[in-house]
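Biologist: I am new to this structure and should like to learn how its features are read. Could you guide me through them in turn?

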Amino acid sequence: MADVEVFLDETPGETRGVIARDGRFTHLIIQRDSDRPSDRLGARCVGRIARVEPGLRGAFVDLGVGEPFGFLPLGKDDKTGEGGKLEVEVVAEPRERKGPVLRRLGEASGEPRLLAPGSDVSAILAALAPGIEPETGVAAIRAALEAEEDALSTALVESSSGLDLMIQRTRALIAVDIDHAPAPGRDSRKNREAANRAGLSHAARLLALKGWGGLVVIDLAGVGLHGDTIMKMARAAFAGEPQAAFGPLSRFGLMQLSLPWRRTPLDERLLDGRGRPTLATCAIDMTRRLRLALLSDPATPRLVARCAPEVAVLAAPLVEALGPRAGVRADSLIAVGVVRIEEAR
C-alpha cells in the first residue's frame, strides 16, 4: 500500500492542495481568490446560448460573467438555438484563453448565474485521499513550493532504473521521451524493461501533476518491444485515469494515448506566454515565502519582503492579511521574481 501524504496551504490570495504517494508528488491543486467561481470544475450554472457554431458542433454559453464564454458540445441533431437557457456543469476548466467546457444538465430559466460552485481544495483533497487529515503550516508551504517545482520540470533521471525521461507539451500533442542508460553488468533487455516501466509510471504521474490532457505520444526505450507487455505496463501506470484511451504500439516503439482535460494546466496558471512567472504568481509566491519565514521564525518581531515595485503593488494587500509582523518594501534594484526577506529595521 502506498504511503500517502496530504498538505493544505492557505496563503492569502491562493490555496494549494498537495498529495504525495511514496514520496512523489501526484497532485497539485491550485485555486486563487481571483478565479471565477463559474469556471471551476464541477460548478453548476444557468447559461444562455450566446451563439451556435455548426462548424465546431457546439455553442458558446454566457454564464453571466462575461467572456470567454463556456463551450457546450452539441450532438449532430441538436436543435439548441441562440437565446435558449440551460442548466450546465463545468467538466473542463479554462485553458489556452478559452472558456470552460460544459455539460448540459437540463432546461433552465432566468438570467445566467452561478447555482453551485465547484469543490474547494479541501473537498478535492478529501475525495482524492479519503480519511487522511491534511498537514498545514510550514510542512504544507514547503510541499506546495516543492510540488510546483516538480510540476514545472520537463526532465527526470532515476539512477535505480537507468531512466532518463523528457516531457514537453506542444500545440498539437504532449511528447514523452523515455530513454535509459544501461548499467554495467546488467542484462540490457531487463534494464530497458525497467526503464520503460518506470518511465510510464512517472509519465502518468507528471501528466496528472501538470494537469495536461489531450493526445500523448510516448517514445519508449528500445525497438522490437513486446506489445502486450508494454500495454500491460501502460494500463497499470494510467490505472488512476478511467478515461484514458490507448492506441497500439508502433513498430518504431511509439505508443499513443488520449487523456481528458479537466483542470487549468499549471503552466498556464503560473506562467506567461514566454514561460516566466506572471506578476500575480510572483506576488503570491513572495507572500507564501514570507509566511514560511514568519512561521519558521516566531521570535523575530517583524519581517519584510523586498521585491520589484510592480510585484509589491499586487502583494501589499496579501501581505497585510498575514498580520502586523509582515511587511513589503518595493526595491527598484530587485528583478521581478526575486524576493529578499529580512528583519525590519
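**Reading the enclosed space**

Modeller: In this predicted model, the residues that line the largest cavity are C282, D285, M286, C307, A308, V311, G337, V338 and V339.

Biologist: What shows where empty space is left?

Modeller: The general idea is to roll a probe the size of a water molecule over the atoms, which shows where space remains empty. Here the count comes to one cavity of 30 Å³ or more. The largest cavity holds about 50 Å³ of space.

Biologist: Which helix gives the most to the lining of the largest cavity, and how is that lining divided by class?

Modeller: Helix α6 (residues 279-296) gives the most, with three residues. The lining has seven nonpolar, one polar and one charged residues.

Biologist: Let us turn to pockets. What is the volume of the second largest pocket, and which residues lie nearest its centre?

Modeller: The second largest pocket has a volume of about 670 Å³. Of the 31 residues in its lining, A92, R95, K98, V101 and W261 lie nearest the centre. The elements that give two or more residues to this lining are β6 (70-73), β7 (85-92) and β13 (214-219). Strand β6 provides the largest share, three residues. By class, the lining of the second largest pocket comprises 16 nonpolar, six polar and nine charged residues.

Biologist: How should one read the two sides of a helix? Which residues of α4 are buried, and which are exposed?

Modeller: One compares where the buried and exposed residues fall around the axis. In helix α4 (residues 227-237), the buried residues are I230, M231, M233 and A234. These residues cover an arc of only 160° around the axis, which puts them on the same side of α4. On the other side of α4, D228, K232 and A236 are exposed.

Biologist: How many aromatic pairs does a search of the whole structure find?

Modeller: The search finds two aromatic pairs. In the pair of F238 and F246, the ring centres are 6.2 Å apart and the planes lie at 75°; an angle over 60 degrees counts as edge-to-face, so that is how this pair is classed.

Biologist: Is F238 buried or exposed?

Modeller: F238 has 5% relative accessibility, and because buried means under 20%, F238 counts as buried.

Biologist: Finally, where do the charged end of K210 and the residue R51 lie with respect to aromatic rings?

Modeller: The charged end of K210 sits over the ring of W212, 4.8 Å from its centre. R51 lies over the face of F60, at 4.3 Å from the ring centre.

Note on methods. Residues numbered from 1 in each chain as written. Predicted model: local features only at pLDDT ≥ 70, side-chain atom pairs only at ≥ 80, totals over all residues. Heavy atoms only, no water. Phe/Tyr/Trp six-rings, centres within 6.5 Å; stacked < 30°, edge-to-face > 60°. Buried < 20%, exposed > 50% of the residue type's maximum accessible area, 1.4 Å probe, protein only. Lys NZ or Arg CZ within 6 Å of the ring centre and 35° of its normal. Helix = DSSP H or I, 4+ residues; strand = E, 2+ residues; numbered from the N terminus. Arc of directions from axis to C-beta. 1 Å grid on protein atoms, 1.4 Å probe; cavity = no way out; pocket = protein on both sides within 12 Å on 5 of 7 lines; lining within 4 Å. Points joined across faces, edges and corners; volume = space filled by probe spheres on them. Nonpolar A, V, L, I, M, F, W, Y, C, P; charged D, E, K, R; others polar.
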